[in-house]
Amino acid sequence: MGQDHIRYDILAQDALRSVIRKVLTEVATTGHLPGEHHFFITFLTGAPGVRISQHLKAKYPEQMTIVVQHQFWELKVTEIGFEIGLSFSDTPERLVIPFNAIRGFYDPSVNFELEFDVAAGEEEEQESAEITAYPVPEENAETSAKDDKPTEPKNGGGSVVSLDSFRKKN
């Protein structure tokens with residue numbers, strides 16, 4: 001097999017992240033989420049370009065999951081990331097999150113999930129991505145009360161496509 005000079009893995013990763021960008025841009029434009037949609041967004045707190053308060057960084061030194069649902073403000077989306085205002089224990093915080101720092105995006109209202117394998121400090125071309133669309137019955141979609149992070153469905157329904165399987169091994 002020949003060498004991938006086009007870098008399909010990077011193109012696919014960008015395409016998957018553009019889904020998040022497009023959805024957040026629509027929410028920023030309208031100022032609200034449509035219907036019952038809401039998002040769990042997990043990101044690496046130490047990734048380049050991430051800006052969060054020292055308090056949040058100390059509490060979540062590696063990764064953090066935010067919920068975009070009822071109370072958020074000043075959502076601004078750019079080509080490289082987004083800024084959002086959220087409240088944590090009644091304390092307003094401003095977060096800046098580059099799309100390349102996102103590990104997961106989950107909309108439990110329709111059981112749609114995107115997962116990215118992102119390692120802190122690695123170059124973008126070393127990242128891999130997975131997309132998962134779980135057709136899970138409502139009773140199997142759970143949220144952990146401990147960290148407010150969505151858990152995977154119990155029935156395993158759905159498939160994961162890993163871009164690593166398409167990469168040329170050196």
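Is Phe40 buried or exposed, and what is its relative accessible area? In this predicted model, Phe40 has a relative accessible area of 6% and is therefore buried, the limit for that class being under 20%.

Three aromatic pairs are present in the structure. In one of them, the ring centres of Phe40 and Tyr106 are separated by 6.1 Å and the ring planes meet at 35°, so the arrangement is classed as tilted. This pair connects distant parts of the chain, since Phe40 belongs to strand β1 (residues 39-44) and Tyr106 to strand β6 (residues 102-107), 66 residues apart. Tyr106, like its partner, is assigned to the buried class, with a relative accessibility of 7%.

A tilted geometry is also found for the aromatic pair formed by Phe82 and Phe99. Here the distance from centre to centre is 6.0 Å, and the angle between the planes is 40°. Phe82 is located in strand β4 (residues 81-88), whereas Phe99 occupies the loop between β5 (91-98) and β6; the pair therefore ties together parts that lie 17 residues apart in sequence. Both rings belong to buried residues: the relative accessibility of Phe82 is 1%, and the relative accessible area of Phe99 is 2%.

A further contact involves a charged side chain and an aromatic ring. Arg17 is positioned over the face of Phe116, at a distance of 4.3 Å from the ring centre.

Definitions and conventions
Residues are numbered from 1 along each chain as its sequence is written. This is a predicted model: local features need pLDDT of at least 70, side-chain atom pairs count only at pLDDT 80 or more; totals for chains, interfaces and linings use all residues. Side-chain values use heavy atoms; hydrogens and water are left out. Rings of Phe, Tyr and Trp (its six-membered ring) pair if their centres lie within 6.5 Å; planes under 30 degrees apart count as stacked, over 60 as edge-to-face and the rest as tilted. Helices (H or I, at least four residues) and strands (E, at least two) are DSSP runs, numbered from the N terminus. Buried means under 20% relative accessible area, exposed over 50%, partly exposed in between (1.4 Å probe, protein chains only). A charge sits over a ring if NZ of Lys or CZ of Arg is within 6 Å of the ring centre and within 35 degrees of the ring normal.
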